[in-house]
Every structure is written in structure tokens, then in C-alpha cells.
Amino acid sequence: MSERQTALVTGATRGIGAAIAEQLASDGFIVFGTATSKTGANSITKNLNKYGGGNKGYVLNVTNSEQISNLIKEISPISVLVNNAGITSDNLLMRMSNEEWLSVINTNLSSIYRTSKAVIRPMMKAKYGRIINISSVVGSTGNPGQTNYAAAKAGIDGFTKALSKEIGSRGITVNSIAPGFIESDMTSGLPAKQKEILLSQIPANRLGTPQDVAKLTAFIASDKSSYINGQTLHINGGMFA
Ligand code: NAP
């Protein structure tokens with residue numbers, strides 16, 4: 001990369017977001033990673049500074065519009081936005097509370113409306129941008145106990161397609177990456193029996209690593225991917241073939 005571009009990665013403290021932030025920093029981006037706490041933000045700064053100066057952690061709650069607009073103003077213009085922050089709050093629908101439903105929709109889906117809206121004007125001005133939304137295979141397949149999560153992730157895929165059509169003529173691509181089951185805090189609590197069943201459905205015979213997802217994200221974040229737009233890119237070891 002001749003001039004260092006900037007990238008914002010939400011939820012960069014751990015798991016997939018941390019791996020994406022590291023990959024982009026090692027590829028030469030100036031990376032801003034977000035955490036929900038000051039301690040998390042400091043550890044992002046420390047971790048990313050191995051790759052060069054300028055990388056920084058910030059505190060951000062993606063459910064808070066004001067925090068988003070303040071952060072984007074501070075770091076703008078950014079070339080790459082990776083909407084990665086996400087949560088699960090699983091329950092069978094008949095037992096699901098309003099809070100479980102709303103928190104997942106708000107954190108995983110409404111957040112990308114807020115962050116994307118905040119970055120597209122400067123991206124349009126620059127005639128360049130990459131918006132990458134981390135979706136999930138569950139948005140395409142469904143999963144019992146995850147109506148809220150599957151709805152949010154399917155919503156992300158639809159949002160991605162619509163926005164790609166709005167701004168595709170301006171040098172900006174909008175894609176979603178839909179991982180299968182990846183080793184992280186989100187999956188570490190799965191009961192052993194459920195993991196065994198899952199593995200039997202994955203031809204690669206292993207869960208994915210955060211780095212598997214990070215490498216694909218880095219390709220989409222680069223200028224090598226300029227003709228890929230409005231897509232949901234699946235990465236799951238063959239489980240959803
Ligand atoms: P994770 O290890 O649980 O990490 C979640 C990240 O999101 C953390 O950095 C967390 O920040 C951040 N976060 C949570 N709530 C937030 C909020 N309200 N505002 C801002 N940041 C918030 O999760 P992961 O497994 O790496 O998952 C990352 C993304 O990949 C998610 O969108 C997830 O749905 C998706 N995904 C994961 C898998 C999988 O198998 N792991 C599969 C498909 C898709 P703190 O550390 O500060 O709490």
C-alpha cells in the first residue's frame with residue numbers, strides 16, 4: 001500500500017475482530033479498533049502498535065448513536081469499515097424475552113445502520129470505500145434457539161445488498177462475510193455434545209479460526225477486490241455447501 005489507508009474495526013478486543021484488526025494492521029492499514037471498556041481499548045492500542053504507529057483502540061458501544069458519530073468525526077475519513085461487533089442471547093422463541101430479542105437486533109443489526117450512515121458521506125467524497133459486515137451462516141441456514149441472531153444476520157445480508165446498489169457507482173463496495181462456526185468466546189461455551197454434532201457437519205473437520213475470517217476480510221478490504229460488491233461471502237469449512 002503506497003499511502004496508509006485507515007480502517008475501523010468494531011469489537012476488536014478479541015475473537016474475530018481482534019484477528020481482523022491485526023491482519024489489517026500487518027497489511028499496512030492504520031487501524032482503529034473498538035472495545036466496550038477503557039481497559040479493552042488500551043489493550044487494542046498496545047497489541048496493534050506492534051505493527052506500527054497510529055493504530056489505536058477506542059471505547060465504543062455500537063448501540064449508542066452519539067458515540068458513533070463522535071468517533072467517526074474524530075477518525076474520519078476512513079477507507080474501510082468492518083462492522084464486526086456482535087452478541088448472542090439465545091433462547092427458544094417461546095421463551096425469548098423482549099430484551100433478548102431487542103438487544104441482539106440492536107447490537108448486531110441496527111448498529112450497522114448507524115456506523116455505515118456515519119461513514120458513507122466521506123467515502124463518497126473520496127470516491128473509495130469498503131464496508132464489510134460480519135454476518136453468519138446462521139442468517140442463511142437458521143439455527144434453533146437463535147431466531148433473534150438469525151434474523152439480525154439475515155438482515156445484515158439484505159442491508160448489504162441494498163446499500164451496495166445505492167453507492168456502488170461511487171467506488172465503494174459493501175459486502176458481508178458469513179462465517180460458520182469459529183473458535184472464539186462466542187462458541188467456547190457450546191456443550192461438548194453439541195460441538196461433536198457440529199464437527200460431524202463440517203467437511204473440514206474443525207471449527208474455523210479467527211485468522212481464517214481475517215484473511216478473507218483483508219482481501220475484501222484491499223483494492224484487489226473492487227469487482228466484488230453486494231455479496232455474502234461464506235466461510236465455513238464446507239458446512240454450508
Ligand atoms: P466475541 O469473541 O464474543 O467478541 C465480540 C466482540 O464484540 C468483542 O470485541 C466485544 O467487545 C464486541 N461487542 C459486544 N457488544 C458490543 C457493543 N454493544 N458495542 C460494541 N462492541 C461490542 O465474538 P466473535 O466470535 O469474535 O464474533 C465476532 C462477530 O462474528 C460477531 O458479529 C458474530 O456474530 C460473528 N460471528 C461469529 C461466529 C463464531 O462462531 N464465533 C460465527 C459467525 C459469525 P468487548 O470485548 O468490549 O465486550
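The ligand occupies the largest pocket of this structure. Keep in mind that this is a predicted model. The volume of that largest pocket comes to about 1,100 Å³. Its lining is made up of 47 residues, and the ones nearest the pocket centre are Gly 86, Thr 88, Tyr 149, Ser 184 and Met 186.

If you sort the lining of the largest pocket by class, you get 24 polar residues, 19 nonpolar and four charged. As for where they sit, six elements are listed with at least two lining residues each: H1, strand S2 at 30–35, helix H5 at 138–141, H6, H7, and helix H8 at 192–200.

Now the ligand itself. There are 29 residues around the ligand, and those that come nearest are Thr 13, Thr 36, Asn 84, Tyr 149 and Ser 184. Tyr 149 and Ser 184 were also in the group nearest the centre of the largest pocket.

What is the make-up of this shell by class, nonpolar, polar and charged? The shell around the ligand has 13 nonpolar residues, 13 polar ones and three charged ones. Three helices each give at least two residues to the shell: H1, spanning 15–26, H6, spanning 147–167, and H7, spanning 185–188. Of these, H7 has the largest share, with three residues.

On to individual contacts. I have three for you.

Start with Arg 14: a polar atom of the Arg 14 side chain is 2.8 Å from a ligand oxygen. The next one uses the backbone, where a polar atom of Val 62 lies 2.9 Å from a nitrogen atom of the ligand. The last one is at Asn 84, with a backbone N or O atom 2.7 Å from an oxygen atom of the ligand. How much of the ligand's accessible area does the protein cover? On its own the ligand has 900 Å² of accessible area, and the protein covers 91% of that.

Next, the second largest pocket. Its volume is about 360 Å³, and its lining has 15 residues. Nearest the centre of the second largest pocket are Tyr 113, Ser 116, Lys 117, Ala 118 and Ile 120. Helix H3 at 65–75, helix H4 at 98–126, and H6 each contribute two or more residues to this lining. H4 gives the largest share, eight residues. By class, the lining of the second largest pocket holds eight nonpolar, three polar and four charged residues. H6 is therefore worth marking on your view, since H6 gives at least two residues to the lining of the largest pocket as well.Two backbone details remain. The first is at Ser 76 and Pro 77, where the peptide bond between them is cis, with omega near 0°. Pro 77 belongs to the loop that runs between H3 and strand S4, at 80–83.

The second is Lys 127. Its phi is near 55°, a positive value in a residue other than glycine. Lys 127 is placed in the loop between H4 and strand S5, at 129–134.

Conventions. Residues numbered from 1 in each chain as written. Predicted model: local features only at pLDDT ≥ 70, side-chain atom pairs only at ≥ 80, totals over all residues. Heavy atoms only, no water. Near = heavy atom within 4 Å. Polar contact = N/O pair within 3.5 Å; in protein donor to acceptor, adjacent residues only side chain to side chain. Areas by Shrake-Rupley, 256 points an atom, 1.4 Å probe, with all protein chains shown as cover. 1 Å grid on protein atoms, 1.4 Å probe; cavity = no way out; pocket = protein on both sides within 12 Å on 5 of 7 lines; lining within 4 Å. Sits in = over half its atoms within 2 Å of the grid points. Helix = DSSP H or I, 4+ residues; strand = E, 2+ residues; numbered from the N terminus. Nonpolar A, V, L, I, M, F, W, Y, C, P; charged D, E, K, R; others polar. Points joined across faces, edges and corners; volume = space filled by probe spheres on them.
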